[in-house]
Amino acid sequence: SLKEIASDQAPAILAAGKTPYLAEVPYTSDPLRSNAMIYEYNAAVDELFLTNNILVTPPAFYAYFQSHPGELADGIHPNGTGYQSMANLWFGALTK
């Protein structure tokens, strides 16, 4: 699982003097995708962020695309506007 893999990697990255960056899985309107799995993944991202004292808050991609589903080209992947929005969210996270 992400949590198991990253719980080993995040401390190693920090110990090497590097900064790990995490991001949420965006919202999807595709009925074939499991929201439960996305919630589980995003909860693991939140926990890893908090337990490893990571300095950059993961961008809230899920909430953003849930509020802006028109920026998803196919219900899963961002369209051009959605990619620009992701870049803006990353910029905001990195420049806080």
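**Close-up views of a predicted model**

**View 1. Methionine 86 and its surroundings in the predicted model.** When neighbours within four places in sequence are set aside, methionine 86 is in contact with Pro26, Phe61, Phe65 and Pro78. Methionine 86 also belongs to the largest nonpolar core, whose eight residues are Tyr27, Ile38, Phe61, Tyr62, Tyr64, Phe65, Leu72 and Met86. Helix 3, which runs over residues 61-67, supplies the largest share of this core, namely four residues. Apart from this core lies another, of six residues, including Leu22, Val45, Leu48 and Phe49. In soluble globular proteins, nonpolar side chains tend to be buried together.

**View 2. The buried and exposed sides of helix 4.** Helix 4 comprises the 15 residues 80-94, for which a rise of 1.5 Å a residue gives a span of 21 Å, and because its end C-alpha atoms are 21 Å apart, the model agrees with that expectation. Within helix 4, the residues Gly82, Ser85, Met86 and Ala93 are buried. These residues cover an arc of only 105° around the axis, and therefore lie on the same side of helix 4. The buried residues of helix 4 pack against helix 3, whereas the face turned away from the buried side carries the exposed residues Gly80 and Phe91.

**View 3. A side-chain to backbone approach at the start of helix 4.** Here a side-chain oxygen of asparagine 79 comes to within 3.0 Å of the backbone nitrogen of threonine 81.

**View 4. Isoleucine 54 in the loop between helix 2 and helix 3.** Isoleucine 54 is placed in the loop that follows helix 2 (35-51) and precedes helix 3, and its relative accessibility is 6%, so this residue counts as buried, the cut-off being under 20%. Not counting residues up to four places away in sequence, isoleucine 54 touches Pro20, Leu22, Leu48 and Phe49. Of these contacts, leucine 22 is 32 residues from isoleucine 54 along the chain, and the C-alpha atoms of the two are separated by 8.8 Å. Leu22, Leu48 and Phe49 are also among the residues of the six-residue core.

**View 5. Helix 1 and the glycine just after it.** Helix 1, formed by the 14 residues 2-15, reaches 19 Å from its first C-alpha to its last, a value close to the 20 Å expected at 1.5 Å a residue. Just after helix 1, glycine 17 adopts a positive phi of about 80°.

Methods
Residues are numbered from 1 along each chain as its sequence is written. This is a predicted model: local features need pLDDT of at least 70, side-chain atom pairs count only at pLDDT 80 or more; totals for chains, interfaces and linings use all residues. Side-chain values use heavy atoms; hydrogens and water are left out. A nonpolar core is a set of buried Ala, Val, Leu, Ile, Met, Phe, Trp, Tyr and Cys residues joined through side-chain atoms within 4.5 Å. Buried means under 20% relative accessible area, exposed over 50%, partly exposed in between (1.4 Å probe, protein chains only). Helices (H or I, at least four residues) and strands (E, at least two) are DSSP runs, numbered from the N terminus. Contact means heavy atoms within 4.5 Å. The expected span of a helix is 1.5 Å times one less than its number of residues. The arc is that of the directions from the helix axis to the C-beta atoms. A polar contact is a pair of N or O atoms within 3.5 Å; within protein, one must be able to donate a hydrogen and the other to accept it, and residues adjacent in sequence count only if both atoms are side-chain atoms.
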